[in-house]
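Hi,

Here is the structure I promised to pass on. Have a look first, and my notes follow underneath.

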Amino acid sequence: MTTVVLDFETVSQCDLKAAGSWRYAQDPSTAVLCLCWTVDDAAAEHWLPGQPEPKWPLGATFVAHNANFEKAIWRHIMVPEYGWADIPNSKWHDTMAMCAMRTVPQSLDMAVKALDLPAEKDNTGSKLTIGLSKIDKKTGMMPDPAPVLPRVVEYCNDDVYAQRGLHNRLGWLPPGERDVWLLDQRINERGIRLDVPLVRAMQTIVEKAKTPLAHEFRQITGLNMTQIAKVGDWVKSRGVYLPDMQAETLANALGESPDRDPIDDLETEPEPMPDDVRRALLIRQQIGSAAIKKLDSAQACVMFDGRARGLQQYHGAGPGRWTGRILQPHNFPRNRLKEDDEAPAIEPLIHALMTEDPDYVEMVYGPAVAAVVSSLRHIIVAGSGRALVAGDFAGIEARLTLALAGEHSKTALMAAGADVYCDMAESIYKRPINKKNDPEERQIGKNSVLGLGFQMGARKFRLKYAKKHPLEFCEEVVRAYRQDWAPGVKDVWYALGNAAIKTVWDKSPHEAYGVAYALEDRWLTARLPSGRKLWYMDPQPTREAMPWDETDIRRAFTYKAVKNKQRVTVKAFGGLLTENVAQAMARDLLTEAMFKCEKENLPVVFTVHDEIVCEPFSGQADPLMLRDIMRDIPQWAKAIGVPVEAECWAGDRYRK
DNA sequence: CGGCAATGCGCC
DNA sequence: AAACGGCGCATTGCCG
């Protein structure tokens, strides 16, 4: 098979980072500087605008790093402006997807370095090319690319060689993942319809509501609201101690926490607070949300047809989950507005926001910016003639973990629809618990079931879920989970940990709980019950002191991963490996359901880890159909006995 | 001014 | 007996 490795260089006044590849390619100011490519092992060639279309080898596969970009340029510029033939998705391959799957850094430069391939990033060429998209400050005009074009081609050639080296080193996606990637491409090209007039109205409201409050904040503190550290210092200087400026901390400090029990816990009673501090914190709480920046993101990436594309990154996270980009549908704030203890009806809320009148919004829904933040999800809508149908797997990672651990009495409870959070709470409190009379106890039970499956300890549990309880209580919660409620789970941690450690130390494969660890090339792989593999790069045998006893030194291992765009060494431990497996199995259930949705006229527009959002024709918007699809699990999942439940809904706007 | 690291904050 | 999560983006603050 002939392989063409290619790379475009372009100029534009559109901000690629903010807009994403698809919107960028559609921008009228975007133009191609050059296209460079190699055919198999031959030397690089290049094409410049004005030259005839190159003769592409018949049936070639086109390989690019972040093929989304090359595809977008090809479809939005080469096809309509230069009359080139389209290349279908089935003829594209993405080295970035390959890096993602193998947990190699996704940036070309870092990937090449991590794999010790012989290529250096041409920083000068990169800067020169980027500079062609920026207004020249001396002339006030866009620079003329012509004089530097040979240098740009040289830079582009280097990138093509780097990409080819990467491709030769990593090869192709395995067949199953190839299908997932092709589905990913379809979803990213389909895009998400945004309600642009609503986005504008929200921005107007935020602007109007924010200005006087931001001014008042500055009057009181002399600071900018976003200078969190300095605001913290100021608060402290006024005699109030706050560990951070997080929404929850502020709510507690301002005495708004509904579940607080002041008699029980005098220590955390909100301190009497000077009026200016109270007012400043109230303002910060009302308008300090960073999430409203999503409105700017939405404007920047939405295309001429009202849809935003390229919002999901294939295999962005180690266990295979998608990650969000640009608008990032993965972290929309949840709706915190309450009307009679329920989320308010959506359409009246949208109507109120569309008035662009913050006073009216405030009168009906409380502080206007908070109302906007709570409504952000609703900017995602169904296209015309269509509806949204969405569903999420209920507590899927906890269910998978319990099933894997053979805790069949617990999975049977779940399958029967019992309230396992109350069941867990009964193990903790050793008395009958019900949802109505013991909401706090049930919440502790819920956090335990969802949080303690991956070796979280008492300290962390307290920090995350139970700040108001003493450490001793959290120790008892952890003990109850590990000893009484689901004792099989800790066995999974130790078994997976030991199997992986033995594999790395003895360089021979070891299996536990249906997860088969082996060494392949520079990776430790974990074959899951679904047949898919997880990849851990550059595993190193180490010896580690145990956290509970520094004289207790045991075999362990580390591997390399990317965090915050940095390559870091990660210490493996059983709980982490178990979490990876649970996340990965949940992802496999998700993709399985996504394929079925596509077949059943429920085109997928995005997913959020355990949630699928589809956009069928209005007449086919049947949440029960989606529920059936999501509950229809593959054989491997049936074999471990995981009880799967999905909560589904249909509507015109995205919600939670 | 741009690049980079650290931090905060939102979700699953 | 027994431990650490996974992400992306915005902002700040420091550096050259």
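Before the aromatic part, one definition: two rings of Phe, Tyr or Trp (for Trp, the six-membered ring) count as a pair if their centres lie within 6.5 Å. Keep in mind, too, that this is a predicted model.

With that cut-off, a search of the whole structure turns up 20 aromatic pairs. One of them is Tyr-481 with Trp-485: the ring centres are 5.8 Å apart and the planes meet at 35 degrees, so this pair is tilted. The two residues are 4 apart in helix H21 (residues 471–485), which means about one helical turn separates them. Both are buried. There is also an aromatic cluster, made up of Phe-8, Trp-37, Trp-47, Trp-56, Phe-62, Trp-74, Tyr-82, Trp-84 and Trp-92.

Rings have charged company as well. Arg-102 has its charged end over the ring of Trp-523, 4.9 Å from the centre, and Arg-386 lies over the face of Phe-617, at 4.0 Å from the ring centre.

Now for the DNA. There are 30 residues around DNA strand C, and Thr-226, Lys-293, Gln-328, Arg-482 and Trp-548 come nearest. By class, that surface has 8 nonpolar, 11 polar and 11 charged residues. Among the elements that each supply at least two of its residues are helix H12 (293–301) and strand S16 (549–563).

Which part of the strand faces the protein? Of the strand C atoms within 4 Å of the protein, 59% belong to sugar or phosphate and the rest to bases. As for the bases, a polar side-chain atom of Gln-455 lies 2.9 Å from a base nitrogen of strand C, and one of Arg-554 lies 2.8 Å from a base nitrogen. Lys-464 has a polar side-chain atom 3.4 Å from a base oxygen.

Cheers

Definitions and conventions:
Residues are numbered from 1 along each chain as its sequence is written. Chains are lettered from A and ligands numbered from 1 in the order in which they are written. This is a predicted model: local features need pLDDT of at least 70, side-chain atom pairs count only at pLDDT 80 or more; totals for chains, interfaces and linings use all residues. Side-chain values use heavy atoms; hydrogens and water are left out. A residue is near a molecule or strand if one of its heavy atoms lies within 4 Å of it. A polar contact is a pair of N or O atoms within 3.5 Å; within protein, one must be able to donate a hydrogen and the other to accept it, and residues adjacent in sequence count only if both atoms are side-chain atoms. Ala, Val, Leu, Ile, Met, Phe, Trp, Tyr, Cys and Pro count as nonpolar, Asp, Glu, Lys and Arg as charged, and the others, Gly among them, as polar. Rings of Phe, Tyr and Trp (its six-membered ring) pair if their centres lie within 6.5 Å; planes under 30 degrees apart count as stacked, over 60 as edge-to-face and the rest as tilted. Buried means under 20% relative accessible area, exposed over 50%, partly exposed in between (1.4 Å probe, protein chains only). A charge sits over a ring if NZ of Lys or CZ of Arg is within 6 Å of the ring centre and within 35 degrees of the ring normal.
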